Amino acid sequence: MFPWQKLRKFTGPLISLRLGTQLLVVGSSAEAAAEILKTHDRFLSGRHVPQVIPRDSHVLRRLALIWSPECMDTWRLLRGLCRAELFSAKAIESNASLREKKVGELMDFLGAREGEVVSIGEVVFSTVFNTVSNLLFSNDLARLEEKGMARLDPQRLRRQLANLIEGTFARWTINVKERRSSFVHDSPKRDFLDVFLANGFDDDQINWISAELFSAGTDTICHDIRVGDVRATEEQRSYEES
Ligand code: HEM
């Protein structure tokens, strides 16, 4: 029996516990669980927003998909656009040649450095970053030999992340303004930026959702490739030892 099941003799089906700075609410009956997971699921489905995210929750409510404090209108709109324009089978298929091109560039880059030590994590990061930047803006935004991200000091993360984000947004805004001036409604959409413009997004919205998509897309894939690389090396080592 969990401790809160014992506590229920003295409390109602909802118990709140403060664990350090976190408030944890436990629903300890089938009815309370249904209220939380079904009736009020949208209000209660937002992710916990870490302190380093340099925006207040009322701003995130208007801009964010991943860091949305709850899954209401903005989340629904952004989720729908991503599902239709980025993650649908049709969208994935129509971007196959872009992915092949980027992997080809990665292979050429590595081929030209045969025998040299290469930081595979950084090169893969830039490849994935450029794949996402082409989906969003039809442009390469990284060079393969550059570091993807400046090193961050954990003690001053929020400030550093804020500076990094503001600098990046300032550069993106120039591209966005250029595209906005030549954008024609109802013409075929080239990339996700055209989709944002067709939906009347302002610069803040475009910058923020683009940053979320970059971080969601690059870190996950780079991590998977590094894990795959470590596993392959371990397998090869144990094969050689056996
Ligand atoms: C191997 C690659 C990937 C893995 C393992 C992965 C994993 C995940 C997981 C587990 C979640 C759910 C998180 C949660 O509910 O708290 C998620 C959400 C999400 N991912 Fe990925 N992801 C990958 C690649 C990508 C890429 C390439 C993109 C976009 C370019 C992307 C965009 C998103 C977005 C926008 C969400 C949030 C959806 C929402 O809030 O409804 N992911 N991903």
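Three short exercises with solutions follow.

This is a predicted model, where local features need pLDDT of at least 70, side-chain atom pairs count only at pLDDT 80 or more, and totals for chains, interfaces and linings use all residues. Residues are numbered from 1 along each chain as its sequence is written.

**Exercise 1.** Find which helix gives the most residues to the largest nonpolar core.

Step 1. Take the term: a nonpolar core is a set of buried Ala, Val, Leu, Ile, Met, Phe, Trp, Tyr and Cys residues joined through C-beta atoms within 7 Å. Buried means that 20 or more other C-beta atoms lie within 10 Å of the residue's own, with C-beta atoms placed from the backbone.
Step 2. The largest such core holds 24 residues. Ala64, Val128, Leu136, Leu193 and Ile209 have the most contacts inside it.
Step 3. Two or more residues each come from helix 4 (57–63), helix 8 (120–137), helix 9 (157–182), helix 10 (192–198) and helix 11 (203–241). Helices are DSSP runs (H or I, at least four residues), numbered from the N terminus.
Step 4. Helix 8 gives the most, with 7 residues.

**Exercise 2.** Work out which element gives the largest share of the shell around the ligand.

Step 1. The residues around the ligand (C-beta atom, placed from the backbone, within 6 Å) include Arg47, Arg79, Leu213 and Asp224.
Step 2. Helix 5 (73–85) and helix 11 each give two or more residues to this shell.
Step 3. Helix 11 gives the largest share, 6 residues.

**Exercise 3.** State how far apart the C-alpha centres of domain 1 and domain 2 lie.

Step 1. The domain assignment, automatic or from a database, gives domain 1 (1–39) and domain 2 (97–241).
Step 2. Their C-alpha centres lie 41 Å apart.

Technical notes:
A residue is buried if 20 or more other C-beta atoms lie within 10 Å of its own, exposed if 12 or fewer, and partly exposed in between; C-beta atoms are placed from the backbone.
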